[in-house]
Amino acid sequence: MSEPVVGRFAPTPSGRLHLGNVLCAMLACLSARQQGGRFLLRIEDVDVPRCPRALAQQAMEDLRWLGFTWDEPPLFQSERTEVYEHHLALLTQQGLTYPCFCTRARLQSLLAPNLGDTQVVYPGTCRDLSPQETARLLTQRSPSIRLRVPDEELVFTDGLQGVIRENLARDCGDFVLRRSDGLFGYQLAVVVDDGLSGVSEVVRGRDILSATPRQIYLQRLLGFPTPHYVHIPLLTDAHGRRLAKRDRDLDLSALRMRYSPEEILGILASAAGLLRSYHPVSWDELTNDFSWNRVCREDMRLRFPD
């Protein structure tokens, strides 16, 4: 007999929740509940300066107002530094990490091929520094810690995006586990937290899809099982523009003054393809009728009722 599904929603509280965040949370919760599983909430506030506790509390209040419930007390990444230190040490003991002294300016000057607006393929500048050179550089600046990745193709099947292939060395390069300022990187924190929480299904936006091969590789190194991944299309505004936290008119602070929770759920469910046409909807109705086969494979466009 298989174990019950464990799903989760893991917002970064650097701003007020917007409808793209809520859609992701809604689909993750519906999938877990429809399968008779559990749903967890994790607050990804490991970057403490950007994620004040007040915003985390506001996010949880917004979710409760919308009718979300979770089956364990919320987990705060900012309280788990020792856990991440332990797992980083496990990787270091295996000779899989190394200190990196490259600055952002240095990386940009190397003209590494871009993967996106903020990410470059790391060229391995500090991978094979001698002990003497490492000791010299340690007197000048604090390093970040990178994970060595092999030149191999990693393949997985996503619930909506199908078969995904990525060569770790060519497409992402050695990646950061802990930043030079001491804060832990997203990849390590999310893998450790999903693994220790028993998360077996991860529902999140397609914009995170490229991070998944790195996380699967980390899971293998640390002995965690790989969850089932479902990367949903992006939610856009009426003009096809991707939603962002800067869109103040589409965050919960504005929307709560105009719509009821049932109306917001109906707006999102109709955008996702779960409803044939818009109408206010309850959690029970959505859970009873939920199926991933009905969820849009293309970007979802918001349409508000007149």
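Select C100 to start, and look across to S144 in β5, which stands opposite C100; strands here are DSSP runs of E with at least two residues, helices are runs of H or I with at least four residues, and both are numbered from the N terminus. This is a predicted model, in which local features need pLDDT of at least 70 and side-chain atom pairs count only at pLDDT 80 or more, while totals for chains, interfaces and linings use all residues. Residues are numbered from 1 along each chain as its sequence is written, and side-chain values use heavy atoms, with hydrogens and water left out.

Next, extend the selection to residues 144-147, the strand β5, which runs antiparallel to β4 and is joined to β4 by four bridges (strands pair if DSSP finds at least two bridges between them). Adding β8 completes an open, antiparallel sheet of three strands in the order β4-β5-β8. Because β4 (97-100) and β8 (175-178) each have a single partner strand, one side of each is left without a neighbour in the sheet.

Now select residues 81-93, helix α3, which lies across β4, β5 and β8 and runs at about 130 degrees to β8; axes are lines fitted to C-alpha atoms, for helices over the stretch in contact (heavy atoms within 4.5 Å), and angles run from 0 to 180 degrees between N-to-C directions.

Finally, move to helix α10, residues 261-272, where nine of the 12 residues are buried, so α10 is largely enclosed by the rest of the structure (buried means under 20% relative accessible area, with a 1.4 Å probe and protein chains only). Among the elements covering these buried residues are α1 (19-34) and α2 (53-65).

Note on methods. Buried < 20%, exposed > 50% of the residue type's maximum accessible area, 1.4 Å probe, protein only.
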